[in-house]
Amino acid sequence: MASIKIAGVVNDSIVDGEGFRFTIFTQGCYHNCPQCHNPQTHDVNGGHEVDTDDLLSQICENPLLNGVTFSGGEPFLQAKPLAQLAKEVHKRGLNITTFTGYTLEQLQNMHNPDIDDLLNQTDVLIDGPFLIEKKDLTLQFRGSSNQRIIDMQKTRESGQIVLIEY
């Protein structure tokens, strides 16, 4: 398929989305959120290249997975290869959760076909920058109260943002 730059993976996460997840921490982020949970992923020159076919093989080795999470860093900096990987993941009956420091509206307003493709392959989008002044440790799957958990399928169907509440 292609290659992406990653900081690492977690084979069986329960904190990066609903159910058991294979989480890919992409390398590179320009948001520079103060007190970010993953500051080691910010350097666009850091991390290492990995073939998406190799990642797909690792994903397929775990029969307990409910889905795959793209975290970061900022996944939308590598939208094209992640969208291709997401298509293959969907073919295997797994869902995709994508974290981003952008809002959905900002991503849509970029009018970038690769970003649009990754949005279309995303089942759950957790959007918005981490804001230390809105930090809330009681929230599921996110660090600050401004971040939203968006049901992308229902959002696409209705034409307006549909949030998931846990």
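**Figure 1. Asparagine 32 is found in the loop between strand β2 and strand β3 (48-51).** Helices (H or I, at least four residues) and strands (E, at least two) are DSSP runs numbered from the N terminus. The model is predicted: local features need pLDDT of at least 70, side-chain atom pairs count only at pLDDT 80 or more, and totals for chains, interfaces and linings use all residues. Residues are numbered from 1 along each chain as its sequence is written, and side-chain values use heavy atoms, with hydrogens and water left out. Although asparagine 32 is not a glycine, its phi is positive, at about 50°. Glutamine 35 is found in the loop between β2 and β3, and its phi, near 65°, is likewise a positive value in a residue other than glycine. Most residues other than glycine have a negative phi, and most peptide bonds are trans. Glutamine 35 counts as exposed because its relative accessibility is 60%, where exposed means over 50% relative accessible area, buried under 20% and partly exposed in between (1.4 Å probe, protein chains only).

**Figure 2. The peptide bond between glycine 72 and glycine 73 is cis.** The omega angle of this bond is near 5°. Glycine 73 lies in the loop that runs between strand β4 (67-71) and helix α2 (79-91).

**Figure 3. Ile14, Val15, Phe20 and Leu64 make a nonpolar surface patch.** The patch covers about 430 Å². Patches are made of residues with over 30% relative accessible area and no salt bridge; like charges are joined within 9 Å, and nonpolar side chains (Val, Leu, Ile, Met, Phe, Trp, Tyr) within 5 Å. Accessible areas come from the Shrake-Rupley method with a 1.4 Å probe, and for residues only the protein chains shown count as cover. Valine 15 is placed in the loop between β1 (3-13) and β2 (21-26). With a relative accessible area of 57%, valine 15 is exposed.

**Figure 4. Aspartate 117 and lysine 87 form a salt bridge.** A salt bridge is defined here as a side-chain nitrogen of Lys or Arg within 4 Å of a carboxyl oxygen of Asp or Glu. In this pair the closest N and O atoms are 3.1 Å apart. Distant parts of the chain are linked by the contact, since aspartate 117 belongs to helix α4 (residues 113-121) and lysine 87 to helix α2, 30 residues apart. Both side chains count as partly exposed: aspartate 117 has 23% relative accessibility, and lysine 87 has 34%. By the rule above, the count comes to five salt bridges.

**Figure 5. Arginine 148 meets glutamate 105 in a salt bridge, with an N to O distance of 2.7 Å.** Glutamate 105 is in helix α3 (residues 104-109) and arginine 148 is in strand β7 (residues 148-151), so the pair ties together parts that are 43 residues apart in sequence. At 33% relative accessibility, glutamate 105 is classed as partly exposed. Arginine 148 also meets aspartate 127 in a salt bridge, at 2.6 Å from N to O. This second pair links strand β7, which holds arginine 148, to strand β6 (residues 124-127), which holds aspartate 127, 21 residues apart. Aspartate 127 is buried, at a relative accessible area of 1%. Elsewhere, Glu88, Lys91 and Arg92 are joined into one network by salt bridges that share partners.

**Figure 6. A search of the whole structure finds zero disulfides.** Cysteine 29 takes part in no disulfide, and the nearest cysteine sulfur, that of cysteine 33, is 6.3 Å away. The criterion for a disulfide is a pair of cysteine sulfur atoms within 2.5 Å. Cysteine 29 is buried, with a relative accessible area of 8%, whereas cysteine 60 is partly exposed, at 45%.

**Figure 7. The protein chain that frames these views has five helices and seven strands.** Along the sequence, these elements follow the pattern β-β-β-α-β-α-β-α-α-β-β-α. The radius of gyration is 15 Å, close to the 15 Å that the globule rule gives for 166 residues, so the chain is as compact as a globular protein of that length. This radius is taken over C-alpha atoms, and the globule rule is 2.2 Å times the number of residues to the power 0.38. The C-alpha trace spans about 40 × 35 × 35 Å along its principal axes. Of the 166 residues, 44% are buried. The chain exposes about 8400 Å², of which carbon and sulfur atoms supply 49%. Among contacts (heavy atoms within 4.5 Å) between residues at least 6 apart in sequence, 64% join residues at least 24 apart.
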